[in-house]
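Hi everyone, thanks for making time for this one. I'd like to walk you through a structure that is probably new to most of you, so let's put it up and look together.

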Amino acid sequence: MDTIDSLLGEADQAWRAYGVGPADRAALGADLRLDLRAAAADGGDPAQLIGDDVAGFARRLADEAGVRRVRSDYGRVLGTALIGAMAGAVLGYGLLMAVYPIFVRVVDIPRSIDVPIQLAVAVGYGIPAAVVAAGAVIAVRTRLRDLPKIRRTARLMSVLVPAAGIVITPITVGFAWATGYSTAPEVVTTEIAMVLAALAGATVLARRLSLREGRTASDTPHTDTTVIRPV
């Protein structure tokens, strides 16, 4: 049974990489498990039923069953999100430069008003972060209209990307404080890398969750439940 579970695990990974949805992977896996158990019960080697190329066998099985493949395109989604985020960063920086003098004049009347550090951080980091997040979501939503479930991906990004920003902002600020708010290239590069890593993680998670959500009846094809054996 360990061999069967191992083969099924490899097949499931191949189906996942091939873009087969969860419901179809479960149906294909159940049928394949029956075939492998039948082969073992007959005294044969389950691995011989599949052959050496487990991934190739799994893809052929999916094609013969007529399952619908969903394009994940993590690379395209992530690349587009990062491009949108960089455009948002430029716009956010410009917006911050425009708003900052106004903010200083407001809090400077009267001069006895002390600006809370939390408010300064919220303005200094919050405005660019919000524009960066919006840029990433808008870029994905508008530039990748051809991808399946991209609207759902963008909706999830609109929640997960700001959440990631909320988490990474105090971490980045703490790192900046620990380095004395240094502007050394290695320090600034590290701060940028931390923010980009949070954005990338939120984007990939949003795409993964959007593909895992349940399908409607019209989206889920009926797989053939007959035994499919390799030619």
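Among the contacts in this chain between residues at least 6 apart in sequence, 79% join residues at least 24 apart. Please keep in mind that what you see is a predicted model. The chain has 8 helices and 0 strands, so if you read along the sequence, the pattern is α-α-α-α-α-α-α-α. Of the 231 residues in the chain, 34% are buried.

Let's turn to helix H7, residues 150-178. How far apart should its ends be? At 1.5 Å a residue, its 29 residues should span 42 Å, and the end C-alpha atoms are 40 Å apart, which agrees. There is a kink in H7, though, of about 30 degrees, and Met-157 is at its centre. Met-157 is also one of the buried residues of H7, together with others including Ile-150, Ala-154, Val-161 and Ile-168. After H7 you come to Gly-180, which has a positive phi, near 70 degrees.

Now, the inside. In soluble globular proteins, nonpolar side chains tend to be buried together. Here, the largest nonpolar core has 21 residues, and the members that touch the most others are Val-77, Ala-136, Val-140, Leu-144, Ile-150, Met-157 and Val-161. Which elements give two or more residues to this core? They are helix H5 (74-107), helix H6 (117-143), H7 and helix H8 (185-212). H7 gives the most, with 6 residues.

If you'd like one residue to click on, try Ile-150. Leaving aside neighbours within four places in sequence, Ile-150 is in contact with Val-77, Val-140 and Leu-144, and also with two arginines, Arg-145 and Arg-207. Apart from this core lies another one, of 20 residues, and among them are Ile-4, Trp-15, Phe-57 and Val-67.

Last stop: a pocket. The second largest pocket has a volume of about 290 Å³, and 16 residues line it. Nearest its centre lie Arg-16, Gly-19, Ser-72, Tyr-74 and Leu-211. The elements that give two or more residues to this lining are helix H1 (2-17), helix H2 (22-41) and H8. Which of them gives the largest share? That is H8, with 3 residues. So you meet H8 twice on this tour, because H8 gives two or more residues both to the largest core and to the lining of this pocket.

That's my tour, and I'm happy to go back to any part of it.

Technical notes:
Residues are numbered from 1 along each chain as its sequence is written. This is a predicted model: local features need pLDDT of at least 70, side-chain atom pairs count only at pLDDT 80 or more; totals for chains, interfaces and linings use all residues. Side-chain values use heavy atoms; hydrogens and water are left out. Helices (H or I, at least four residues) and strands (E, at least two) are DSSP runs, numbered from the N terminus. The expected span of a helix is 1.5 Å times one less than its number of residues. The bend at a residue is the angle between axes fitted to the seven residues ending there and the seven starting there. Buried means under 20% relative accessible area, exposed over 50%, partly exposed in between (1.4 Å probe, protein chains only). A nonpolar core is a set of buried Ala, Val, Leu, Ile, Met, Phe, Trp, Tyr and Cys residues joined through side-chain atoms within 4.5 Å. Contact means heavy atoms within 4.5 Å. On a 1 Å grid over the protein atoms alone, a cavity is a set of points where a 1.4 Å probe fits but cannot get out, and a pocket is an open set with protein on both sides within 12 Å along at least five of seven lines; lining residues have an atom within 4 Å of a point. Grid points are joined across faces, edges and corners, and a volume is the space filled by probe spheres set on the points.
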